[in-house]
Amino acid sequence: MTYSETIEYLYNRVPMFQKIGAGGYKEGLDNTLALDKHFDHPHRKFKTIHIAGTNGKGSCSHTIASILQNAGYKVGLYTSPHLIDFRERIRINGTPVSREYVTEFVARHRAFFEPLHPSFFEVTTAMAFKYFADNHVDIAIIEVGLGGRLDCTNIISPILSVITNISFDHTQFLGNTLAKIASEKAGIIKPHTPVVIGETVSETKNVFLSEAQRVDSPIIFSEETPEIISVEADLKNNRFIYKTKNFGTITGELCGLCQKKNTNTILHTMPLIAKCGFNITPQNIKDGFASVCETTGLMGRWQKISDSPLAICDTGHNEGGFRYISRQLKEKISQLNDKGTLRIVFGMVNDKDISAVLSQLPTKAKYYFTKASIKRALNENELKLKAATFNLKGNSFTSVIDAYHAALAEADSNDFIFVGGSSYVVADLLSDLLK
């Protein structure tokens with residue numbers, strides 16, 4: 001098979017949550033353990049950091065990887081979902097896994113894994129672990145796919161666990177209370193292994209504390225000892241400048257409002273990683289924050305896609321993520337000061353709490369409702385009707401690129417365009433812009 005045929009095989013032969021939702025989710029670790037045994041336990045051949053959370057785990061994973069790369073280490077990075085190409089999920093020092101490796105892996109091992117009827121994510125995780133072992137990485141940053149306790153990444157024994165935050169998402173799998181969701185994510189806490197918690201609320205803190213005590217793991221609640229003294233927005237360069245207690249002044253390339261808490265979480269991991277034998281200097285940390293997108297290939301985090309008019313896309317896609325995005329959009333309205341219009345290209349998938357997100361969006365904006373090119377996407381006309389109940393007004397478009405071009409055509413240089421609501425909306429946009 002060619003690379004494109006191999007990817008189509010993976011998308012269509014094994015259930016893929018990204019494409020079909022619940023049908024692509026498999027609970028339990030039986031398949032993962034069988035694959036792990038078949039490949040001779042590759043994850044035991046390198047050190048790992050495990051990162052879970054409802055929001056922010058992708059940004060934290062990429063930034064920690066960027067810092068370690070700047071410190072001179074060979075760093076594996078496993079994240080999901082991808083935005084443009086499957087190979088984004090599996091990287092070493094920012095370079096995606098080769099097409100040849102993906103093709104050969106499937107061709108050589110499909111006779112073993114097909115009878116297991118694995119999920120897409122189970123196969124992909126096995127591929128990532130084997131790829132990192134084959135290439136002798138020093139350390140791999142492993143992002144949890146969904147939840148934690150039963151996620152197929154949870155066979156690793158990391159040097160450090162990180163849980164960024166908890167909010168409502170994937171409640172059909174993880175539970176319908178914050179405590180239940182926290183319990184699932186707390187499943188990545190390993191015996192005698194430190195864990196950093198980025199944010200808590202009253203329902204979640206005791207869950208994490210109880211699990212850490214049960215397995216005798218040191219636990220750090222990063223928000224209780226803020227590392228950041230102050231934050232200044234560099235609007236011209238689309239960056240944040242952090243003054244910190246122990247790391248000097250840091251310029252962050254990622255500048256969504258959520259990154260302030262992510263940055264505090266990341267900085268609390270640095271001494272713990274250093275204690276495990278990794279030599280990380282303050283300059284490595286500064287360089288890692290300043291160049292995370294270039295160093296690791298991260299996309300879609302308050303990413304600028306146009307200068308005039310200024311246009312930004314962001315992969316935030318649930319109630320927790322939009323608490324920050326909505327605040328940032330409302331700040332943009334204030335900055336426009338009636339001299340420009342906020343234009344929002346917006347789509348969601350149908351298994352999210354759509355009303356919870358719509359209720360946070362600014363009414364003082366022109367909307368371009370659309371849908372991503374996946375089965376789970378909510379129809380643009382249905383979204384428009386739901387949005388109208390929250391006094392959000394605009395037109396509907398059958399594709400993301402059509403909606404974006406309509407916003408561009410109506411905008412002048414003083415306007416601000418935001419594209420988001422779903423990772424898959426951003427994926428469609430970036431895919432079309434790069435053609």
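**Entry 1. Overall build**

I began with burial: 59% of the 435 residues of the protein count as buried. I note that this is a predicted model. I then checked the radius of gyration. The protein has 21 Å, and a compact globule with 435 residues would have a value near 22 Å, so the two agree. Along its principal axes, the C-alpha trace spans about 60 × 50 × 40 Å.

I looked at the surface next. The protein exposes about 17500 Å², and carbon and sulfur atoms supply 48% of that area. For contacts, I took pairs of residues at least 6 apart in sequence; 72% of these contacts join residues at least 24 apart. I listed the secondary structure as 17 helices and 17 strands.

**Entry 2. The eight-stranded sheet**

I traced an open sheet of eight strands. Its order is 4-3-2-5-1-6-7-8, and the pairing is mixed. Which strands sit at the edges? I found strand 4 (95-96) and strand 8 (219-221), each pairing on one side only.

I followed one pairing inside this sheet. Strand 2 (residues 75-78) and strand 3 (residues 90-92) run antiparallel and are joined by three bridges. Here G76 stands opposite I92 of strand 3.

I also looked for a helix against these strands. Helix 4 (residues 57-70) lies across strand 1 (47-52), strand 2 and strand 5 (139-143). Helix 4 runs at about 170° to strand 5.

**Entry 3. Strand 14**

Is strand 14 largely enclosed or open to the outside, I wondered; five of the five residues of strand 14 (residues 342-346) are buried, so the strand is largely enclosed by the rest of the structure. I checked the two faces separately. In a regular strand the side chains alternate between the two faces of the sheet. On one side of strand 14 I found L342, I344 and F346, on the other R343 and V345, and all are buried. I marked R343 as one of the buried residues.

I then looked up the partners of strand 14. Strand 17 (residues 416-420) runs parallel to strand 14, with five bridges between them. L342 stands opposite F416 in strand 17. Strand 15 (residues 366-369) is also parallel to strand 14, with four bridges. There F346 has F369 as its bridge partner.

**Entry 4. A hairpin**

I moved to strand 9 (residues 228-234) and strand 10 (residues 239-244). They run antiparallel, joined by six bridges. S230 has K243 of strand 10 as its bridge partner. Four residues lie between the strands of this hairpin, and N238 takes a positive phi near 55°.

**Entry 5. Aromatic pairs**

How many aromatic pairs does the whole structure hold? My search gave 14. I opened the pair of Y11 and F120: the centres are 5.9 Å apart, the planes are at 45°, and the pair is tilted. Y11 belongs to helix 1 (residues 3-13) and F120 to helix 6 (residues 120-134), so the pair ties together parts 109 residues apart in sequence. Y11 is buried at 16% relative accessible area. F120 is buried too, at 3%.

I opened a second pair, F46 and F132. Their ring centres lie 5.9 Å apart and their planes are at 90°, so this pair is edge-to-face. F46 is in the loop between helix 3 (30-38) and strand 1, F132 is in helix 6, and 86 residues separate them. F46 is buried at 8% relative accessible area, and F132 is buried at 0%. Finally, I followed the ring pairs outward: they link F46, Y101, Y131 and F132 into a cluster.

Conventions:
Residues numbered from 1 in each chain as written. Predicted model: local features only at pLDDT ≥ 70, side-chain atom pairs only at ≥ 80, totals over all residues. Heavy atoms only, no water. Pairing = 2+ DSSP bridges. Helix = DSSP H or I, 4+ residues; strand = E, 2+ residues; numbered from the N terminus. Contact = heavy atoms within 4.5 Å. Axes fitted to C-alpha atoms, helices over the stretch in contact; angles between N-to-C directions. Buried < 20%, exposed > 50% of the residue type's maximum accessible area, 1.4 Å probe, protein only. Rg over C-alpha atoms; globule rule 2.2 N^0.38 Å. Areas by Shrake-Rupley, 256 points an atom, 1.4 Å probe, with all protein chains shown as cover. Phe/Tyr/Trp six-rings, centres within 6.5 Å; stacked < 30°, edge-to-face > 60°.
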